[in-house]
Amino acid sequence: MTAGEAPEAAAPQPQAPDGAPAPHTERPARFMVVVAHPDDADFGPAATAATWIATGSVGALVCLTSGEAGADDHETDPLHLARLREDEQRRAAAIVGYEEVHFLHQPDGALANDLAVREQLVRLLRAFKPDAVLCQDPTVVFHDSRFVNHTDHRAAGMAAVDAVYPAARNAMAFPHLAREGLAPHVVPRLYLFATNEPNAWVDTTAAFERKLQALHEHDSQLREPEKVVEWVRRWAEENGKRVGVALADAFRVIDVEA
Ligand SMILES: [Zn+2]
């Protein structure tokens, strides 16, 4: 799919001949990943991003916060931690292959889906012109009966969704942006990750090692890296089983145009 071209309004998940779902093989030419914290993208869709970039896509990464609350010691200097985590994320992003990395410096732990954040996202969307946005599923409050989804993850996902639709495409939303030359842009597809309702699985087998390399850059956040690798691999294996491949990322794909 090329920039500006709407995807077909078909179900996002093709079927294999035996009726089981087949891997999702569509690839956006340009995509933007929007997350709450440095490391969210690497725990999330990094292997998909690396897969798509390796086959010709251009990717951008946007972190709404710099993760300055991500430490156990209350004496930690938040500005120092923010700088450290931005550096970690930039190194990880270079491994995945993103062309652009942006930090919007919103407060970690207090991220709000407000007009100011949406305006910044709309500015980035209209400048980069992605055909797909990957973000955290904002509707998830709990995963199974074991995890509470971080408030920033929900806010980041909702801000990304609201920026894609309707704001980025609406000339009357933040009209000064259009006057600056940032014309409305239609993002036809959303890929929600960390979702409880997946409907598409991307085969990431070939790029999975790159995801692990990227994850290892988040040194400040990994207390037991071997365990992290173990469960990240197990998630990917479980996703892979859904579509008959070794390793996969799961998404809830929303065709905004359909
Ligand atoms: Zn996070």
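# Salt bridges, zinc site and cores

Asp 39 and Arg 85 form a salt bridge (a side-chain nitrogen of Lys or Arg within 4 Å of a carboxyl oxygen of Asp or Glu), with their closest N and O atoms 3.3 Å apart. Asp 39 lies in the loop between strand 1 and helix 1 and Arg 85 in helix 3 (residues 78–96), so this pair ties together parts that are 46 residues apart in sequence. The model is predicted: local features need pLDDT of at least 70, side-chain atom pairs count only at pLDDT 80 or more, and totals for chains, interfaces and linings use all residues. Residues are numbered from 1 along each chain as its sequence is written, and side-chain values use heavy atoms, with hydrogens and water left out. Helices (H or I, at least four residues) and strands (E, at least two) are DSSP runs, numbered from the N terminus.

**Asp 39 and Arg 85**

- Asp 39 has a relative accessible area of 9% and is therefore buried (buried means under 20% relative accessible area, exposed over 50%, partly exposed in between, with a 1.4 Å probe and protein chains only).
- Its partner Arg 85 also counts as buried, because its relative accessibility is 3%.
- The backbone of Asp 39 has a positive phi of about 95°, although Asp 39 is not a glycine.

**Other salt bridges**

- The whole structure holds twelve salt bridges.
- Asp 137 pairs with Arg 252 in one of these salt bridges, with the closest N and O atoms 3.5 Å apart.
- Asp 137 sits in the loop between strand 4 and strand 5, and Arg 252 in strand 9 (residues 248–255), so their pairing joins parts 115 residues apart in sequence.
- Asp 137 is buried, at 1% relative accessible area, whereas Arg 252 is partly exposed, at 21%.
- Arg 252 also meets Glu 197 in a salt bridge, at 3.3 Å from N to O.
- Because Glu 197 lies in the loop between strand 7 and strand 8 (200–203) and Arg 252 in strand 9, this second pair ties together parts 55 residues apart in sequence.
- Glu 197 is partly exposed, with a relative accessible area of 45%.
- Glu 26, Arg 189 and Asp 255 are joined into one network by salt bridges that share partners.

**Zinc site**

- His 37 (ND1), Asp 40 (OD) and His 153 (NE2) are the protein donors of the zinc ion, at 2.1 to 2.2 Å from it.
- Donors are N, O and S atoms within 2.8 Å of the metal (3.2 Å for Na, K and Ca); water is not among the atoms, so sites may look incomplete.
- Along the chain, the donor spacing is H-x2-D-x112-H.
- His 37, in the loop between strand 1 (30–35) and helix 1 (40–43), and His 153, in helix 5 (residues 151–164), are 116 residues apart, and the pair links distant parts of the chain.
- His 37 counts as buried at 6% relative accessibility, and His 153 counts as buried at 17%.

**Nonpolar cores**

- The largest nonpolar core has 33 residues, of which Met 32, Leu 64, Leu 121 and Val 133 touch the most other members.
- Such a core is a set of buried Ala, Val, Leu, Ile, Met, Phe, Trp, Tyr and Cys residues joined through side-chain atoms within 4.5 Å.
- Strand 1, strand 2 (58–65), helix 4 (115–128), strand 4, helix 5 and strand 7 (189–193) each supply at least two residues of the largest core.
- Helix 5 gives the largest share of this core, seven residues.
- A further core of 27 residues lies apart from this one and includes Leu 61, Ala 93, Phe 193 and Ala 200.
- Not counting residues up to four places away in sequence, Met 32 touches nine-membered company that includes Ala 60, Val 62, Leu 124 and Phe 128 (contact means heavy atoms within 4.5 Å).

**Strand 8 and backbone details**

- Asp 203 is in strand 8 and counts as partly exposed, at 31% relative accessibility.
- Leaving aside neighbours within four places in sequence, Asp 203 is in contact with Pro 23, Thr 51, Val 245, Leu 247 and Ala 248.
- Asp 203 and Asn 239 are 36 residues apart in sequence and 9.0 Å apart in space, C-alpha to C-alpha.
- Tyr 165 and Pro 166 are joined by a cis peptide bond, with omega about 10°, and Pro 166 lies in the loop between helix 5 and helix 6 (175–179).
- Ala 194, a residue other than glycine, has a positive phi near 50° and lies in the loop between strand 7 and strand 8.
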